[in-house]
Amino acid sequence: MKTVIMGYSGSGKSTLAAAIAQKEQIPALYLDTVYWLPGWEPRDLEGQIRQVKAFLAEHENWVIDGNYRKVCFEERMEQADRIVFLNFGRLASLCRAWKRYLRYKGKSRVSMTEGCEEKFDWNFFCWILWKGRTKVHRERFVQVVRSWPKKTVVIKNQRQLTAFYRENGLEMTE
């Protein structure tokens, strides 16, 4: 099984990816670890693409968490057996990101590059509420649903997410 998990910041992509990887005993790739170098320095695009292509070639089954449109996007979507779009609202995403910050403050979480300590600053606040939800961003998600409707699952709230965990025999960790 190959699963892509995409959605807005703070929606629970990494947590869901970890739950799927654990249950299915398959590798998880967190695209934040591909993009960010220690100290929150971005990796060059060619390096990101090399890393993702190698992961796709090495594994028969996988789960990939993240959006990153410039990094093998079409290839990931085409190869996926299932695409899960976490379409949580702005305030729900903000609350979830704040809880994550409180849990991991001063540490690097598994789904982030070592040396990128959890932070919650004004830029991230603005990203969650506005910059990451521009018309262009929203249209990209709509295009995924239109392009791959038979394999895309859209989850809009915690109730639906809890049901998804239950229906797929996944363990909720938070």
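**Exercise 1.** In which helix is Leu 102 found? Classify the residue as buried or exposed, and give the C-alpha separation between Leu 102 and Glu 118.

*Solution.* The model is a predicted one.
Step 1: Leu 102 belongs to helix 5.
Step 2: The relative accessible area of Leu 102 is 52%. The cut-off for exposed is over 50%, so Leu 102 is exposed.
Step 3: Leu 102 and Glu 118 lie 16 residues apart along the chain, and 8.8 Å separates their C-alpha atoms.

**Exercise 2.** Determine the strand order of the open sheet and identify the strands that stand at its edges.

*Solution.* Step 1: The sheet is open, has five strands in the order 2-5-1-6-7, and shows parallel pairing.
Step 2: The edges are taken by strand 2 (28-30) and strand 7 (152-155). Each has a single partner strand, so one side of each lacks a neighbour in the sheet.
Step 3: From one strand to the next, the twist averages 15°.
Step 4: Within this order, strand 1 (residues 2-7) pairs with strand 5 (residues 62-65) in the parallel sense, over four bridges. Lys 2 has Trp 62 in strand 5 as its bridge partner.
Step 5: Helix 8 packs on the sheet, where it touches strand 6 (82-86) and strand 7. The direction of helix 8 makes about 135° with that of strand 7.

**Exercise 3.** Describe how helix 1 is oriented relative to helix 8, and state which residues of the two helices meet.

*Solution.* Step 1: The axes of helix 1 (residues 13-24) and helix 8 (residues 158-167) come within 11 Å and cross at roughly 10°.
Step 2: Angles under 35 degrees count as roughly parallel, and therefore helix 1 is roughly parallel to helix 8.
Step 3: Helix 1 contributes Thr 15, Leu 16 and Ala 19, which meet Leu 161, Phe 164 and Tyr 165 of helix 8.
Step 4: Sorted by character, the residues of this contact comprise five nonpolar, one polar and no charged.

**Exercise 4.** Name the buried residues of helix 6 and one element that covers them. Then state how many disulfides the structure holds, and classify Cys 72 and Cys 116 as buried or exposed.

*Solution.* Step 1: In helix 6 (residues 122-129), the buried residues are Phe 124, Cys 126, Ile 128 and Leu 129.
Step 2: Helix 5 (90-104) is included in what covers these residues.
Step 3: A disulfide covalently joins the sulfur atoms of two cysteines. The structure holds zero disulfides.
Step 4: Buried means under 20% relative accessible area. Cys 72, at 10%, is therefore buried, and Cys 116, at 1%, also counts as buried.

Definitions and conventions: Residues are numbered from 1 along each chain as its sequence is written. This is a predicted model: local features need pLDDT of at least 70, side-chain atom pairs count only at pLDDT 80 or more; totals for chains, interfaces and linings use all residues. Side-chain values use heavy atoms; hydrogens and water are left out. Buried means under 20% relative accessible area, exposed over 50%, partly exposed in between (1.4 Å probe, protein chains only). Contact means heavy atoms within 4.5 Å. A disulfide is a pair of cysteine sulfur atoms within 2.5 Å. Axes are lines fitted to C-alpha atoms, for helices over the stretch in contact, and angles run from 0 to 180 degrees between N-to-C directions. Angles under 35 degrees count as roughly parallel, over 145 as roughly antiparallel, 65 to 115 as roughly perpendicular and the rest as oblique. Ala, Val, Leu, Ile, Met, Phe, Trp, Tyr, Cys and Pro count as nonpolar, Asp, Glu, Lys and Arg as charged, and the others, Gly among them, as polar. Two strands pair if DSSP finds at least two bridges between them.
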